[in-house]
Amino acid sequence: MTYNIIYKNIITSINKTGKKMLTLLQNTDKTETGYEIGSLLSRGTLKPKKTDGVWTKEYVWKSEYFKHFQPVAFIDTNDLDEAFHFHNIGRSDKVDKIVFSHHSMSIGDLLKNSEGEVFMVEPAGFTKIETA
């Protein structure tokens with residue numbers, strides 16, 4: 001059993017023992033803009049960019065993208081790697097779905113902890129992002 005708390009317009013979950021949980025957020029916007037954001041973030045927060053013959057990486061996350069993401073599940077851990085593992089192997093005892101149907105956790109999805117920090121799933125690991 002989980003208890004849902006609204007904080008900064010995002011649902012946070014704490015289980016019955018008081019253990020903090022992570023909230024999985026996914027881009028659920030089915031408009032053209034939502035699809036464009038999904039495509040942009042499908043390779044993570046950094047995008048290769050060539051300027052004057054030199055390759056660099058450009059940070060592509062913008063805080064206004066956050067409004068396109070909605071909570072889809074609570075995961076009974078406060079560890080990002082465990083959350084990825086629990087969600088993607090189908091540990092139903094560790095994952096409480098908020099919506100009936102959502103996709104597996106993948107690059108571009110967000111994990112929010114109980115302190116309000118948000119992390120994006122990257123090709124390898126996670127990046128803390130700004131939401132405001």
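Here are a few exercises on this predicted model, each with a worked solution.

**Exercise 1. Work out how many helices and strands the chain has, and in what order they come.**

Start with the tally: the chain has two helices and 10 strands. Next, walk along from the N terminus, and you'll read β-β-β-α-β-β-β-α-β-β-β-β. For a feel of the whole chain, note that 38% of its 132 residues are buried. Finally, take the contacts with a separation of 6 or more: 56% of them join residues 24 or more positions apart.

**Exercise 2. Find which residues of helix H2 are buried, and explain why they line one face.**

First, pick out the buried residues in H2, which spans residues 80–89: they are Leu80, Ala83, Phe86 and His87. Now look down the helix axis. The buried residues of H2 fall within an arc of 125°, so they line one face of the helix. Then turn to the other side of H2, where Asp81 and Ile89 are exposed.

What do the buried residues of H2 pack against? Their partners are strands, among them S3 (22–27), S6 (69–75) and S10 (126–129).

Last, check the two ends. At the start of H2, Asp79 brings a side-chain oxygen to within 3.1 Å of the backbone nitrogen of Asp81. Just after H2 comes Gly90, with a positive phi of about 80°.

**Exercise 3. Describe how strands S4 and S5 pair, and what sits in the turn.**

Begin with the direction: S4 (residues 46–51) and S5 (residues 54–59) pair in the antiparallel sense, over six bridges. One of the partnerships to spot is Thr51 with Val54 in S5. Then look at the link: S4 and S5 make a hairpin with two residues between them. In that turn, Asp52 has a positive phi of about 50°.

**Exercise 4. Track down the salt bridges and say where their residues lie.**

Here's the idea to keep in mind: side chains of opposite charge can pair when their charged atoms come close. The structure holds two salt bridges.

Take Lys47 and Glu58, whose closest N and O atoms are 4.0 Å apart. This pair links distant parts of the chain, with Lys47 in strand S4 and Glu58 in strand S5, 11 residues apart. Are they buried or exposed? Lys47 is partly exposed at 37% relative accessibility, and Glu58 is partly exposed at 30%.

Now try Glu117 and Lys128, with closest N and O atoms 3.2 Å apart. Glu117 sits in the loop between S8 and S9, while Lys128 is in strand S10. Glu117 is partly exposed, with a relative accessible area of 28%; for Lys128, also partly exposed, the value is 47%.

Technical notes
Residues are numbered from 1 along each chain as its sequence is written. This is a predicted model: local features need pLDDT of at least 70, side-chain atom pairs count only at pLDDT 80 or more; totals for chains, interfaces and linings use all residues. Side-chain values use heavy atoms; hydrogens and water are left out. Helices (H or I, at least four residues) and strands (E, at least two) are DSSP runs, numbered from the N terminus. Buried means under 20% relative accessible area, exposed over 50%, partly exposed in between (1.4 Å probe, protein chains only). Contact means heavy atoms within 4.5 Å. The arc is that of the directions from the helix axis to the C-beta atoms. A polar contact is a pair of N or O atoms within 3.5 Å; within protein, one must be able to donate a hydrogen and the other to accept it, and residues adjacent in sequence count only if both atoms are side-chain atoms. Two strands pair if DSSP finds at least two bridges between them. A salt bridge is a side-chain nitrogen of Lys or Arg within 4 Å of a carboxyl oxygen of Asp or Glu.
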